Amino acid sequence: MINELRIAAFNAAYAKTIDSDALERWPDFFTADCHYRITHVENQAEGLAAGIVWADSRDMLFDRISALREANIYERQRYRHLLGLPLIDTADADEARASTPFLVLRIMHTGETEVFASGEYLDHFTLVEGQLRLLERVAVCDSTVTDTLMALPL
């Protein structure tokens, strides 16, 4: 059964993977045919599919991490996620839809720390061989202004 505690534990592991720079494990939180998108609140309210980041498979997530490691040039940084408690909208034995508020701090190589993003995850979870996985994660940012240095996943 999928419940709030299970989703909260999943989200904590998800955030730790990003925050500890274990990005190669990040796609493992998703199903093979997943959808991952980062957008902002106005696009979401208007039902616009456009996003800051858009991927429609786990392979695209692996490609994103490969590009971060091998091709992209960006200022060294890391994130610290602060997550609220998930709120389940619908759930049955194998799937659930939930929302979870997030705050992401960005720590630059200089030590400067700033609030980078706030918003909520809109998630569609499923069980795969007894493990919780994301069919869909839409990170809806509160701000409509996006930093051009969005290198890491939210």
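Contact here means heavy atoms within 4.5 Å. Keep in mind that the model you're looking at is a predicted one.

**Exercise 1. Find the middle of the core**

Task: Work out which residues have the most contacts inside the largest nonpolar core, and which helices and strands each supply at least two residues of this core.

Solution.
Step 1. Start with the count: the largest nonpolar core has 35 residues. Tyr-14, Phe-30, Tyr-36 and Leu-154 are the ones with the most contacts inside it.
Step 2. Now look at who contributes. Two helices are on the list of elements that each give at least two residues: helix 1 (4-19) and helix 3 (58-70). The strands on that list are strand 1 (30-40), strand 2 (53-55), strand 5 (95-108), strand 6 (113-128) and strand 7 (131-141).
Step 3. Zoom in on Tyr-14. Skip its neighbours within four places in sequence, and Tyr-14 is in contact with Trp-26, Phe-29, Phe-30, Tyr-36, Tyr-121, Leu-134, Arg-137 and Leu-154.

**Exercise 2. Follow the rings**

Task: Take the aromatic pairs Phe-10 with Phe-29 and Tyr-14 with Phe-30, and work out how the rings are arranged and which parts of the chain they link.

Solution.
Step 1. Searching the whole structure turns up 10 aromatic pairs. In the pair made by Phe-10 and Phe-29, the ring centres are 5.3 Å apart and the planes sit at 85 degrees. An angle over 60 degrees counts as edge-to-face, and that is how this pair is classed.
Step 2. Place the two residues. Phe-10 is in helix 1, while Phe-29 is in the loop between helix 1 and strand 1. They are 19 residues apart, so the pair links distant parts of the chain. Both Phe-10 and Phe-29 are buried.
Step 3. Do it again for Tyr-14 and Phe-30: 6.2 Å between centres, 65 degrees between planes, edge-to-face. Tyr-14 belongs to helix 1 and Phe-30 to strand 1, 16 residues apart. Tyr-14 and Phe-30 are buried too.
Step 4. Put the pairs together. Phe-10, Tyr-14, Trp-26, Phe-29, Phe-30, Tyr-36, Phe-102, Tyr-121 and Phe-125 end up in a cluster linked by ring pairs.

**Exercise 3. One arginine, two rings**

Task: Find the rings that Arg-137 lies over.

Solution.
Step 1. Go back to Tyr-14: the charged end of Arg-137 sits over this ring, 4.3 Å from its centre.
Step 2. Then check Tyr-121, where Arg-137 lies over the ring face at 3.7 Å from the centre.

**Exercise 4. Trace a salt-bridge network**

Task: Which residues are joined into one network by salt bridges that share partners?

Solution.
Step 1. The whole structure holds six salt bridges. One of them pairs Asp-21 with Arg-69, with the closest N and O atoms 3.0 Å apart. Asp-21 is in the loop between helix 1 and strand 1 and Arg-69 is in helix 3, 48 residues apart.
Step 2. Arg-69 also meets Glu-24 in a salt bridge, at 2.7 Å from N to O. Because Arg-69 lies in helix 3 and Glu-24 in the loop between helix 1 and strand 1, this pair ties together parts 45 residues apart in sequence.
Step 3. Check accessibility. The relative accessible area is 44% for Asp-21 and 35% for Arg-69, and Glu-24 comes in at 42%. Partly exposed covers the range between 20% and 50%, so Asp-21, Arg-69 and Glu-24 get that label.
Step 4. For another salt bridge, try Arg-106 and Glu-114, at 2.4 Å from N to O. Arg-106 is buried at 5%, whereas Glu-114 is partly exposed at 28%.
Step 5. Now the network: Asp-21, Glu-24 and Arg-69 are joined through shared partners.

**Exercise 5. Buried or exposed?**

Task: Does Asp-19 count as buried or exposed, and what is it in contact with?

Solution.
Step 1. Locate Asp-19: helix 1.
Step 2. Its relative accessibility is 11%. Buried means under 20%, so Asp-19 counts as buried.
Step 3. Leave out neighbours within four places in sequence, and the contacts of Asp-19 are Tyr-79, Arg-80 and His-81.

**Exercise 6. Read a hairpin**

Task: Describe how strand 4 and strand 5 are paired.

Solution.
Step 1. Strand 4 covers residues 87-91 and runs antiparallel to strand 5, with four bridges joining them.
Step 2. Pick out a bridge: Leu-87 partners Ser-99 of strand 5.
Step 3. Look at the connection, a hairpin through three residues.

Technical notes:
Residues numbered from 1 in each chain as written. Predicted model: local features only at pLDDT ≥ 70, side-chain atom pairs only at ≥ 80, totals over all residues. Heavy atoms only, no water. Core = buried A, V, L, I, M, F, W, Y, C linked by side-chain atoms within 4.5 Å. Buried < 20%, exposed > 50% of the residue type's maximum accessible area, 1.4 Å probe, protein only. Pairing = 2+ DSSP bridges. Phe/Tyr/Trp six-rings, centres within 6.5 Å; stacked < 30°, edge-to-face > 60°. Lys NZ or Arg CZ within 6 Å of the ring centre and 35° of its normal. Salt bridge = Lys/Arg side-chain N within 4 Å of Asp/Glu carboxyl O.
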